[in-house]
Amino acid sequence: MACGLHALCFDAHDPLRLARFWAGVLDWELVEDPRDGVALLPSDDTGFRIRFLPSQAQKIGQNQMHFDLTSTSLEDQQETVARALKLGGRHIDVGQGPEDEHVVLADPEGNEFCVIEPGNNFLAECGFVGALASDGSQEVGYFWSAALGWPLVWDQDQETAIRSPHGGPKITWGGPPLEPKTGKYRLHFDLAPPADGDQQAEVERLIALGATRVDIGQGEVDWVVMADPDGHEFCVLTPR
């Protein structure tokens with residue numbers, strides 16, 4: 001059985017503050033878990049938690065992944081933007097034009113996210129967390145489809161998207177050109193085999209699919225740090 005997507009992890013200078021921001025935006029439960037640290041548990045069908053990990057590394061350039069949050073109406077979009085700003089978010093310019101209907105924001109540590117306009121057909125079947133939009137190649141979309149066992153729901157012009165059979169957000173990759181890598185990414189996935197699974201067998205399966213083991217200075221830990229074919233880091237945890 002394929003690994004499950006256990007968590008999306010944010011590197012954070014102040015994990016608790018950042019968790020409180022996202023808990024307020026998403027209306028998810030904030031917990032302090034002995035194994036996962038500061039985390040948010042989904043209140044919808046998202047299917048994975050969000051973890052906030054302490055890091056003093058400075059943010060360089062745009063993140064390789066960001067949330068696309070959906071709206072049911074213009075008023076709903078405005079309410080989401082207002083809530084995010086009240087919680088400590090801010091408007092940012094990433095090159096969007098005046099004709100763009102989505103709103104680009106950043107959380108208190110500069111992590112970008114978008115509040116999408118109502119009537120977006122691509123995200124029509126998704127909930128409030130519509131997509132995790134990613135910089136990545138067509139090859140990496142195929143890799144993650146096989147790694148997670150999620151079907152491709154878009155594969156056109158080198159752009160790909162996958163979605164869990166159980167629903168939740170899409171994970172999308174925009175195709176070339178890819179942004180140059182400037183160091184360890186601030187967001188990464190944590191994968192976990194099922195409780196009766198085998199971590200090493202999963203690592204070997206992912207290597208066969210095109211992943212590599214990498215050393216980011218993690219030392220002696222019980223998880224395995226890997227990179228997908230585009231060089232995005234991710235971790236394989238012990239079974240859970």
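These legends go with close-up views of a predicted model.

**View 1. The whole protein, with four helices and 16 strands.**
Let's start with the full chain. The radius of gyration is 17 Å, close to the 18 Å that the globule rule gives for 240 residues, so the protein is as compact as a globular protein of that length. Along its principal axes, the C-alpha trace spans about 50 × 40 × 35 Å. Of the 240 residues, 49% are buried. Among contacts with a separation of 6 or more, 62% are between residues 24 or more positions apart.

**View 2. The surface and charges of the protein.**
The accessible surface comes to about 11500 Å², and carbon and sulfur atoms hold 50% of that area. The protein carries 17 positive and 39 negative charges, and the mean positions of these two sets are 6 Å apart.

**View 3. An open sheet of eight strands with mixed pairing.**
Follow the strands across the sheet and you will read the order 6-7-8-5-9-12-11-10. At the edges are strand 6 (90-91) and strand 10 (152-156), each of which pairs on one side only.

**View 4. Strand 5 and its two partners, strand 8 and strand 9.**
Here we zoom in on strand 5, which covers residues 65-69 and is mostly covered, with four of its five residues buried. Strand 9 (residues 129-134) runs antiparallel to strand 5, and five bridges join the two. Look for Leu69, which stands opposite Val129 of strand 9. Strand 8 (residues 112-115), in turn, runs parallel to strand 5 and is joined to it by three bridges. In this pairing, Phe67 stands opposite Phe113 of strand 8. A handy reminder for this view: in a regular strand the side chains alternate between the two faces of the sheet.

**View 5. Strand 11 beside strand 12.**
Strand 11 (residues 159-163) and strand 12 (residues 170-173) are paired in the antiparallel sense, with four bridges between them. To find your place, pick out Ile162, whose bridge partner in strand 12 is Ile171.

**View 6. Asp190 and the residues around it.**
Our last stop is Asp190, a residue of strand 13 (residues 187-192). Asp190 has a relative accessibility of 1%, and because buried means under 20%, this residue counts as buried. Which residues is Asp190 in contact with, leaving aside its neighbours within four places in sequence? They are Gly4, Leu5, His6, Ala7, Cys9, Arg51, Cys235 and Leu237.

Terms used:
Residues are numbered from 1 along each chain as its sequence is written. This is a predicted model: local features need pLDDT of at least 70, side-chain atom pairs count only at pLDDT 80 or more; totals for chains, interfaces and linings use all residues. Side-chain values use heavy atoms; hydrogens and water are left out. Buried means under 20% relative accessible area, exposed over 50%, partly exposed in between (1.4 Å probe, protein chains only). Two strands pair if DSSP finds at least two bridges between them. The radius of gyration is taken over C-alpha atoms; the globule rule is 2.2 Å times the number of residues to the power 0.38. Contact means heavy atoms within 4.5 Å. Accessible areas come from the Shrake-Rupley method with a 1.4 Å probe; for residues, only the protein chains shown count as cover. Lys and Arg count as positive and Asp and Glu as negative; His and the chain ends are not counted. The place of a charge is taken as NZ of Lys, CZ of Arg, CG of Asp or CD of Glu.
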